[in-house]
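Please look through the structure shown below before reading on. The report then takes up its strands, its buried parts and its charged pairs in turn.

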Amino acid sequence: MALSPGAQAAPIPPAPGHRLVPQYEGAPAAAHPLPAGQAPPQNPYLAPNGRAGMHGDGASSDTHPFPGPLGVRPAVTSERMAALGGECATVTFDRAGRLLTVCGTFQGFRLKLLDPGSLATLAEYRLPQRPSTVEAITRLDFSKIFKDTSGGAYFYLDHRDRVVLADSRQHVLRLSHHRSPDGSWHFSVDDDWDLTPYVPHDCVGWTNLHPRGTCDPVTSVQPDWNGRIWWVTRKGRIGTIAPDTGAVHAIRLPGEEIQNSFSAARDGVSLVSDHALYSLRADADGTPHIQWRRTYDRGTGGKPGSINQGSGTTPTLLGDAAHPYTAITDNADDRMNVLVYRRTGTAAGRLVCKVPVFGAGTSTTDNSLIGYGNSLVVENNYGYENVTSLLFGKSVPGGITRIDIRPDGSGCDTVWQSGERAPSSVAKLSTANGLLYFYTKDPNRLGIDAWYLTAVDFRTGRTRFKRLTGTGPLYDNNWAPITLGPDGTAYAGVFNGLVAVRDTAPAP
């Protein structure tokens with residue numbers, strides 16, 4: 001679907017109390033770039049690092065080479081994507097800096113091309129409605145929506161500015177966007193790979209309210225370093241597509257569930273199920289092959305703040321060629337642990353460290369760790385489940401911790417801890433200015449639900465500034481990421497659409 005070049009954005013309305021909370025706290029920060037040369041290697045089949053997907057790059061480092069706002073008279077804009085819902089999760093950027101995002105509505109997901117300044121929709125492509133939405137409406141159980149990571153949220157932008165995603169029909173699509181002579185934009189489907197011969201697909205729908213078979217949604221896609229498109233399903237299926245021939249090969253992890261995305265490096269693909277961490281490669285014919293598997297403490301049940309009983313993290317790949325690591329968290333009952341493993345060599349799969357984080361009985365995360373050099377940053381999501389969790393001024397226990405792997409690989413050390421409360425955001429690090437960006441919410445005795453873009457110093461853990469984005473549940477980010485754009489804007493997906501925060505004055 002194409003829209004007129006002059007399509008206008010509609011701002012997300014704030015809830016009452018917007019003027020009763022601080023609009024800005026702290027002071028402008030000075031940019032202190034982090035040392036160069038520690039960015040993840042560039043996957044040749046992905047868009048440039050920082051532009052490629054929810055976690056920024058193939059290593060899921062959650063870092064961006066772009067500066068992000070410094071808090072110099074920061075202004076907030078937003079676009080409302082639907083009357084109800086409309087959250088925009090993954091945000092990527094084409095070569096010209098236009099936004100490509102998938103936004104979820106109760107009518108179905110929408111792939112959108114947005115103007116980076118106004119957030120106006122330039123073009124959209126309608127994706128099919130997810131079975132979980134039909135279930136939520138017909139069975140009045142809306143938790144099914146909030147615990148569903150399928151349908152296109154984990155898409156990526158490839159090296160030719162094409163979106164690759166898995167829709168709710170178990171099809172993998174590759175789409176490009178083009179401008180017509182009249183100035184309007186549109187999407188076209190370049191490739192459509194049907195996975196239904198390999199994935200059970202008797203799913204709930206408006207014409208199939210009581211299916212008798214099995215439905216296994218495809219949750220994420222990602223290319224390896226040979227150009228194969230890898231895909232995973234919720235019920236533990238892992239497969240590849242050869243784009244030139246369309247050949248599909250798959251395996252299954254019986255009795256295991258995959259709700260997160262996965263990461264790819266030269267040495268293979270890293271993914272985590274609700275039971276174990278895996279390193280895989282593709283055989284010559286494309287069949288996924290397990291290089292090593294490591295179980296972890298999955299606890300005795302799920303926690304408030306996690307989608308399932310297991311790790312909530314997409315594996316983060318970090319380190320260097322001599323010491324490559326994979327990092328996740330576990331789901332231990334008392335205190336969650338950050339786990340770091342050697343990725344390759346004779347010590348492949350060896351546990352380097354196990355570091356407990358946050359308070360006893362109040363620790364979990366369902367977001368990827370930030371990885372830079374030998375450093376990891378983890379946030380505490382305990383207590384958050386969906387947009388109703390924190391109404392009427394409530395918040396979460398919170399906490400953010402930085403952990404560094406020792407240079408000799410002999411273990412890990414806690415560098416700093418912050419009390420900031422980031423209920424569910426996929427946080428990001430700007431290597432261009434040395435700031436971490438979180439989406440935070442503090443308790444409010446007046447019952448006002450105020451949401452902030454919060455910048456934290458990567459080196460010290462000190463909070464530099466906080467800018468109010470909006471009030472009320474429509475501004476709840478509900479597991480969506482913060483994404484830093486090439487022009488220095490910070491974008492955050494929220495329940496009703498997308499918000500943008502940008503400086504309006506030069507840095508001091």
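What follows is a description in running text, with one small table on salt bridges.

This is a predicted model, in which local features need pLDDT of at least 70 and side-chain atom pairs count only at pLDDT 80 or more, whereas totals for chains, interfaces and linings use all residues. Residues are numbered from 1 along each chain as its sequence is written, and side-chain values use heavy atoms, with hydrogens and water left out.

## Strands and their pairing

Strands here are DSSP runs (E, at least two residues) numbered from the N terminus, as are helices (H or I, at least four), and two strands pair if DSSP finds at least two bridges between them. In general, strands of a sheet pair through backbone hydrogen bonds, either parallel or antiparallel.

One open sheet is formed by 4 strands in the order β8-β9-β10-β11, and the pairing is antiparallel. Its edge strands are β8 (156-157) and β11 (185-194), each of which pairs on one side only. Strand β10, residues 171-179, is joined to β11 by 9 bridges, and these two strands run antiparallel; R179 has W185 in β11 as its bridge partner.

Further along the chain, β12 and strand β13 (residues 229-233) pair in the antiparallel sense over 5 bridges, with V232 in β13 as the bridge partner of S220. These two strands form a hairpin with 5 residues between them, and G227 in the turn has a positive phi of about 95°. Strand β12 (residues 218-223) is mostly covered, since 6 of its 6 residues are buried, where buried means under 20% relative accessible area, exposed means over 50%, and partly exposed lies in between (1.4 Å probe, protein chains only).

A second hairpin is made by β14 and β15, with 6 residues between them and with G246 in the turn at a positive phi of about 80°. The strands β14 and β15 (residues 248-252) pair in the antiparallel sense over 5 bridges, and T240 stands opposite H249 in β15.

## The nonpolar interior

A nonpolar core is a set of buried Ala, Val, Leu, Ile, Met, Phe, Trp, Tyr and Cys residues joined through side-chain atoms within 4.5 Å. The largest such core has 37 residues, of which V163, L165, V172, L195, V221, W231 and I241 touch the most other members. Its largest share, 4 residues, comes from strand β9 (residues 163-166). Apart from this core lies another, of 27 residues, among them V72, L390, Y437 and Y475.

Contact means heavy atoms within 4.5 Å. Leaving aside neighbours within four places in sequence, V163 is in contact with L100, L111, F155, Y156, L157, L173, R174 and L175. T92, which lies in strand β4 (residues 85-93), is buried with a relative accessible area of 0%. Not counting residues up to four places away in sequence, T92 touches R51, A52, G53, R98, L99, L100, F155 and L157.

## Salt bridges

A salt bridge is a side-chain nitrogen of Lys or Arg within 4 Å of a carboxyl oxygen of Asp or Glu, and the structure holds 21 of them. The table lists some of these pairs.

| Pair | Distance, N to O |
|---|---|
| R169 and D167 | 2.8 Å |
| R237 and D216 | 2.7 Å |
| E420 and K466 | 3.1 Å |

In one of these pairs, R169 is partly exposed, with a relative accessible area of 37%, whereas D167 counts as buried at 2% relative accessibility.

How many residues apart are R237 and D216? They are 21 residues apart and link distant parts of the chain, with R237 in strand β14 (residues 237-241) and D216 in the loop between β11 and β12. R237 is buried at a relative accessible area of 14%, and D216 is buried at 0%.

Both E420 and K466 are buried. This pair also links distant parts of the chain, 46 residues apart, with E420 in the loop between β27 (412-418) and β28 (428-430) and K466 in strand β31 (residues 463-471). In addition, salt bridges that share partners join R110, K112, E124 and R126 into one network.
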